[in-house]
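This report describes a protein model for a reader who is new to structural work. It treats the sheet and helices, the empty spaces, and some local features of the backbone.

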Amino acid sequence: MHFRTSPEPDLDALDALILPVYKDAEAPPGLGSDVRELAEWVARESGPQKLFTAVTHLHRAKDSATRLVIVAAGRREDYDVERARQAVSAGVRALWRSTTTQLGVVLDLEALDLETATQAAVEGVINGLWRPTTHRTGEEELQPPPLEDVHLIAPDDAPTAVARGRAVGEAVNWARSMANEPSNLLTPSLLAERVGELAKAAGLQYEVLDEEQCRALGMNTFLSVARGSDEPARFIVLRHHGRAAEGGAAEGGAAGDGYDLALVGKGITFDSGGISIKPAEDMHVMKYDMSGAAAVVAAINAIAQLGLPLNVLAVAPCTENLPGGHATKPGDVITSLSGKTVEVINTDAEGRLVLIDAVTYAESEGAARIVDVATLTGAIRIALGSYYTGLFGRPDSFVAAVRRAGEQAGERLWPMPLSDEFRDEMKSEVADLRNSAGRPGSASKGAAFIEAGLSPEVEWAHLDIAGSAWLEEERPFSPKGPQGTPVRTLVSLAESLAAKQ
């Protein structure tokens with residue numbers, strides 16, 4: 001699939017044209033008067049539409065016909081990078097079942113600058129083609145269009161934005177594909193193999209620590225989660241050396257003086273809750289509990305493809321959480337990699353047990369800033385639904401930088417409280433920490449537990465994606481299921497840090 005730039009839409013050469021139309025039935029500027037008038041007429045005739053609803057009108061010429069895909073884009077003043085991307089995805093999804101090979105996409109260059117609009121459109125096309133149907137064996141009634149050329153309707157080229165959009169869009173889809181895999185086909189070992197293939201193609205340094213190596217390092221809280229499963233745990237480490245020092249990188253280490261950024265992702269390939277077992281209803285969705293690991297792997301892959309001049313570390317502690325004769329029990333006390341002892345109150349609060357060791361490991365590798373990503377708590381889904389990712393961290397300046405990166409990438413992060421009251425509640429009477437302290441404020445308590453594995457001087461952010469990583473219902477711009485959250489934010493953060501080098 002090739003992305004090209006065309007100054008105006010040629011309906012005789014296009015099979016379909018996607019364009020946003022706003023609440024007052026106004027089309028973007030920069031179109032020919034004929035196309036603009038036709039689009040606005042279609043919008044008026046179809047009546048008010050819910051946001052991202054796509055209405056298709058078949059425009060016939062002498063020897064051809066072009067589908068005009070009019071996407072309801074809401075109010076003009078609300079049109080931002082997120083809406084631009086989602087509008088294009090909705091338009092592409094409206095073309096499923098079609099034979100479209102030549103697609104035009106209209107960019108609104110009054111609402112967004114050329115670079116931003118181009119990247120959003122490229123991501124939107126790529127994300128709109130993704131389908132969660134890998135394991136269906138019958139002939140599919142619903143097929144994505146066989147796109148060959150995508151014509152971005154703009155007066156100038158933006159090749160850098162196209163490259164960024166392609167790298168990020170494909171990374172998001174890879175993360176979605178991993179989160180959608182059933183746990184019998186994506187065990188920790190199989191996930192490590194998939195990551196290895198990706199790392200080799202991207203030129204990333206790749207390492208997998210087995211259980212014996214993790215035990216020798218002292219990753220006991222991570223290993224405690226794996227005890228109930230027959231599948232061995234795997235601790236995946238990826239390194240991007242974009243800021244090479246004189247003489248290059250030492251074996252197994254970073255080029256330059258440590259890592260500018262570490263990305264840590266929770267990789268529970270299936271979460272039954274362990275001894276504190278979950279209810280049976282919807283437990284099948286717990287295959288997505290490795291979405292954090294998929295996101296950080298996908299993000300560092302995009303960072304490497306873009307050649308960002310940073311040293312970036314990605315860590316993915318991967319295991320299953322199952323009940324069994326050897327499983328960790330409520331009341332057990334375990335010593336973490338940081339040296340802090342942990343009383344296990346609830347084995348279903350396992351994500352923080354793998355992450356506290358993982359963030360300590362990232363700090364020991366010389367990371368100046370750490371962002372961990374996890375489907376950590378049901379509480380964040382109750383608080384923010386699927387619309388926002390919960391954002392915790394320190395200091396305030398770094399939290400603000402992460403939030404800005406999300407805004408620039410078109411992902412919404414909402415700052416959540418993390419104060420001494422929550423930290424105090426995570427203290428145990430029989431150990432240094434306990435891994436659960438009841439439901440009230442549990443998203444903040446979970447963040448406080450992970451923070452305890454870090455030294456005070458490390459800049460750190462925790463992204464709780466339990467709600468935003470998975471849609472329970474289909475939306476016009478996406479099928480239900482995994483969303484690849486927050487790959488875009490992580491890449492955007494790395495870009496902003498690289499710009500300061």
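In what follows, helices (H or I, at least four residues) and strands (E, at least two) are DSSP runs, numbered from the N terminus. By that naming, Pro395 is placed in the loop between strand S15 (389-394) and helix H11 (396-409). The model is predicted.

## Backbone features in loops

The peptide bond that leads from Arg394 to Pro395 is cis, with omega near -20°. A cis peptide bond also joins Thr485 and Pro486, and omega there is about -5°. Pro486 belongs to the loop between strand S20 (481-482) and helix H14 (487-499). Another loop, between S2 and H1, holds Ala25. Although Ala25 is not a glycine, its phi is positive, at about 65°.

## The sheet and the helix across it

Strands of a sheet pair through backbone hydrogen bonds, either parallel or antiparallel. In this model, six strands form an open sheet with mixed pairing, in the order S1-S6-S5-S2-S4-S3. Strand S1 (2-6) and strand S3 (54-60) are the edge strands, each of which pairs on one side only. From one strand to the next, the twist averages 25°.

The pairing of S1 can be followed in detail. S1 and strand S6 (residues 149-153) run parallel and are joined by five bridges. In one of these, His2 has Asp149 of S6 as its bridge partner.

Helix H1 (residues 33-46) lies across three strands, namely strand S2 (16-21), S3 and strand S4 (65-72). The angle at which H1 runs to S3 is about 130°.

## Two helices in contact

How do helix H5 (residues 188-202) and helix H8 (residues 291-305) cross? Their axes come within 9 Å and cross at roughly 10°. Angles under 35 degrees count as roughly parallel, and H5 is therefore roughly parallel to H8. On the H5 side, the contact is made by Val195, Leu198 and Ala202, and on the H8 side by Val297, Asn301 and Ala304. By class, the residues of this contact are five nonpolar, one polar and no charged.

## Pockets and cavities

Rolling a probe the size of a water molecule over the atoms shows where empty space is left. The pockets are open sets of points, whereas in a cavity the probe fits but cannot get out. The table lists the two largest spaces of each kind.

| Space | Volume | Nonpolar lining residues | Polar lining residues | Charged lining residues |
|---|---|---|---|---|
| Largest pocket | about 1,000 Å³ | 11 residues | eight residues | 12 residues |
| Second largest pocket | about 730 Å³ | nine residues | 10 residues | 12 residues |
| Largest cavity | about 80 Å³ | six residues | six residues | one residue |
| Second largest cavity | about 60 Å³ | eight residues | no residues | one residue |

The largest pocket holds about 1,000 Å³ of space. It is lined by 31 residues, of which Lys278, Asp348, Thr377, Gly378 and Ala379 are the closest to its centre. Helix H9 (351-364) and helix H10 (378-384) are the elements that give two or more residues to this lining. H10 gives the most, with four residues.

About 730 Å³ of space lies in the second largest pocket. Which residues are the closest to the centre of this second pocket? Of the 31 residues that line it, they are Glu82, Gln86, Arg412, Arg475 and Phe477. The elements that give two or more residues here are helix H2 (81-93) and helix H4 (159-180). H2 supplies the largest share of this lining, five residues.

The cavities of 30 Å³ or more come to three. For the largest cavity, 13 residues form the lining, and those closest to its centre are Ser224, Val225, Asn321, Thr328 and Thr347.

The second largest cavity has a lining made up of Tyr79, Ala84, Val88, Val106, Leu107, Asp108, Leu112, Ala117 and Ala121. H2 and helix H3 (114-128) each contribute at least two residues to it. H2 thus has a part in two linings: it gives five residues to the second largest pocket and at least two to the second largest cavity. In the lining of this cavity, eight residues are nonpolar, none is polar and one is charged.

Conventions. Residues are numbered from 1 along each chain as its sequence is written. This is a predicted model: local features need pLDDT of at least 70, side-chain atom pairs count only at pLDDT 80 or more; totals for chains, interfaces and linings use all residues. Side-chain values use heavy atoms; hydrogens and water are left out. On a 1 Å grid over the protein atoms alone, a cavity is a set of points where a 1.4 Å probe fits but cannot get out, and a pocket is an open set with protein on both sides within 12 Å along at least five of seven lines; lining residues have an atom within 4 Å of a point. Grid points are joined across faces, edges and corners, and a volume is the space filled by probe spheres set on the points. Ala, Val, Leu, Ile, Met, Phe, Trp, Tyr, Cys and Pro count as nonpolar, Asp, Glu, Lys and Arg as charged, and the others, Gly among them, as polar. Two strands pair if DSSP finds at least two bridges between them. Axes are lines fitted to C-alpha atoms, for helices over the stretch in contact, and angles run from 0 to 180 degrees between N-to-C directions. Contact means heavy atoms within 4.5 Å. Angles under 35 degrees count as roughly parallel, over 145 as roughly antiparallel, 65 to 115 as roughly perpendicular and the rest as oblique.
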